[in-house]
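Here is a friendly walk through the fold, for reading with the sequence and the coordinates side by side. Keep the viewer open and follow the strands as they come up.

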Amino acid sequence: MISRIQNPVPAIKGNIVADRKTKNLLKRIRPGEIAVVDHEDIDEMAAQGLIEARVKAVINLKPSLTGSYVTSGTRLLFENRIRVVDVTKIISSLELKDGMQVEIANDRIYVSLPGHKVEWAQFRPVDKNYIEEGTNRAKKNMEQRLAQFIDNTLEYAQKEKEYYLKPLPPLPLKLKIRNRHVLVVVRGKHYKEDLKAIRSYIDDYRPVLIGVDGGADALLEHGYRPDLIIGDMDSVSDRALLSGTAVVVHAYPDGRAPGLKRVRQLRVPAYILPAPGTSEDVAMLYAYEQGARWIVTLGTHSNMVDFLEKGRKGMASTVLVRMKIGTRLIDAKGVSMLYQKRLRWENVIYLGAAAAFPVVALSMVSPEIRHIWQIIWLQIKMMFT
């Protein structure tokens, strides 16, 4: 039996939106609603989405921070004052559905029904101690987790290397890539800031724009229409798919393409590209084989935490693809964190002086404007006498 919290925090009430997949929940949740997720080790991207959605609170059916590896999502929610609670015991068999009203009070979650209230579950609050304990466990587990990740990567790299020695199946696309710059956009960490940071590059070089699943929406959000969408179609919006751009459905090596059903329902023409690995790897490999001069990637997954947050235990395909195309690859991920323009006061002063100079010069040669300045000066003197 879980003991009652000695110092209860204020209760929270609100309507819920529930989904097993956080990225699907984010498509329909509104500000002030409570998110019910099933998300072990909340990652930074999910946390950022919940923050931007301005949710009131998060009820997690899984541990928000297991300590298996270091992830920053839970801490990010806490720092942004979004209350997170982990369900520890479900008391009622009542199924939570969108629109239900719940109350989070003490260590209980209650569901409001017509005429009465149901005690639905017990929870553990995600507080500073919870986060520190989980982070410390993760640091201790880091060496072991890294060893497992490396072993998995090497094992699958050995098994899959034959796929990457041969070219991808040809596609009858009319898109001209040879000798051009290609920008591959994935909706990964800091993708918004990075897109803003390289806006001048996009405007100057006019690269071929490839959106990987939700990366197509990222481009649209910033005023760019993707030239090509590649992915398994699990996170790209209908709007992007209907934008008139070419669509390639990434399929398993055996030809199975679960995402094709959705594309066909929208009556969008699409090509199927069977290949192992992630869709972003396939996008980079396709650009390389089409003769791209440079391949610039943004928002891609490139380290152990990135892949663990996606539920992958290794990164064999990414290692193999980057080994193959490395001479043409430029990774722009995190460029916004590397270089951030700061507003310097001396620049503001110089700019103000430059803007004032023609006004002063005009005053010196124009009797009318000189007269106006004299009137203003007299008014100022009267105010202080």
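Let us begin at one pair of residues: Ile12 has Ile104 of strand E5 as its bridge partner. What you are looking at is a predicted model, and this pair belongs to the contact between strands E1 and E5, which pair in the antiparallel sense over four bridges.

**Around strand E5**

Strand E5 covers residues 101-105, and four of its five residues are buried, leaving the strand mostly covered. Why do we call them buried? Because each has a relative accessible area under 20%.

E5 also pairs with strand E6, residues 108-113, again in the antiparallel sense, here over five bridges. In that pairing, Gln101 finds its bridge partner in Ser112 of E6. The hairpin of E5 and E6 has two residues between the strands, and Asn106 takes a positive phi there, near 55°.

**The loop after strand E1**

Strand E1 (12-18) is followed by a loop that leads to helix H1 (22-25), and Asp19 is found in this loop. A polar atom of the Asp19 side chain lies 2.9 Å from the backbone nitrogen of Lys21. Setting aside residues up to four places away in sequence, Asp19 touches Asn24, Leu25, Arg28, Val36, Val37 and Asp38.

**The parallel sheet**

Now turn to another part of the chain. How many strands form the open sheet, and in which order? There are seven, arranged as E12-E11-E10-E9-E8-E13-E14, and the pairing is parallel. At the edges are strand E12 (271-274) and strand E14 (329-331), each of which pairs on one side only. On average, neighbouring strands of this sheet are turned by 25° against each other, direction ignored.

In general, the strands of a sheet pair through backbone hydrogen bonds, either parallel or antiparallel.

Within the sheet, strand E8 (residues 181-186) and strand E9 (residues 208-212) run parallel and are joined by five bridges. A useful place to look is Val185, which stands opposite Gly211 in E9.

Strand E11 (residues 246-251) holds Ala246. Is Ala246 buried, exposed or partly exposed? Its relative accessibility is 27%, so Ala246 counts as partly exposed. Apart from its neighbours within four places in sequence, Ala246 is in contact with Leu173, Asp227, Leu228 and Ile229. Of these, Ile229 is 17 residues away along the chain, while the C-alpha atoms of Ala246 and Ile229 are separated by 6.3 Å.

**Charges and rings**

Two tyrosine rings have a charged end sitting over them, as the table shows.

| Charged residue | Ring | Distance from ring centre |
|---|---|---|
| Lys117 | Tyr110 | 4.9 Å |
| Arg256 | Tyr252 | 4.4 Å |

Tyr110 falls in a stretch you have already met, since strand E6 spans residues 108-113. As for rings that pair with each other, the structure holds one aromatic pair.

**The chain as a whole**

Stepping back, the secondary structure of the chain comes to 15 helices and 14 strands. The chain has 385 residues, and 45% of them count as buried. Looking at contacts between residues at least 6 apart in sequence, 64% join residues at least 24 apart. The bridge between Ile12 and Ile104, where this tour began, is a handy place to return to in the viewer.

Terms used
Residues numbered from 1 in each chain as written. Predicted model: local features only at pLDDT ≥ 70, side-chain atom pairs only at ≥ 80, totals over all residues. Heavy atoms only, no water. Phe/Tyr/Trp six-rings, centres within 6.5 Å; stacked < 30°, edge-to-face > 60°. Lys NZ or Arg CZ within 6 Å of the ring centre and 35° of its normal. Pairing = 2+ DSSP bridges. Axes fitted to C-alpha atoms, helices over the stretch in contact; angles between N-to-C directions. Polar contact = N/O pair within 3.5 Å; in protein donor to acceptor, adjacent residues only side chain to side chain. Contact = heavy atoms within 4.5 Å. Buried < 20%, exposed > 50% of the residue type's maximum accessible area, 1.4 Å probe, protein only.
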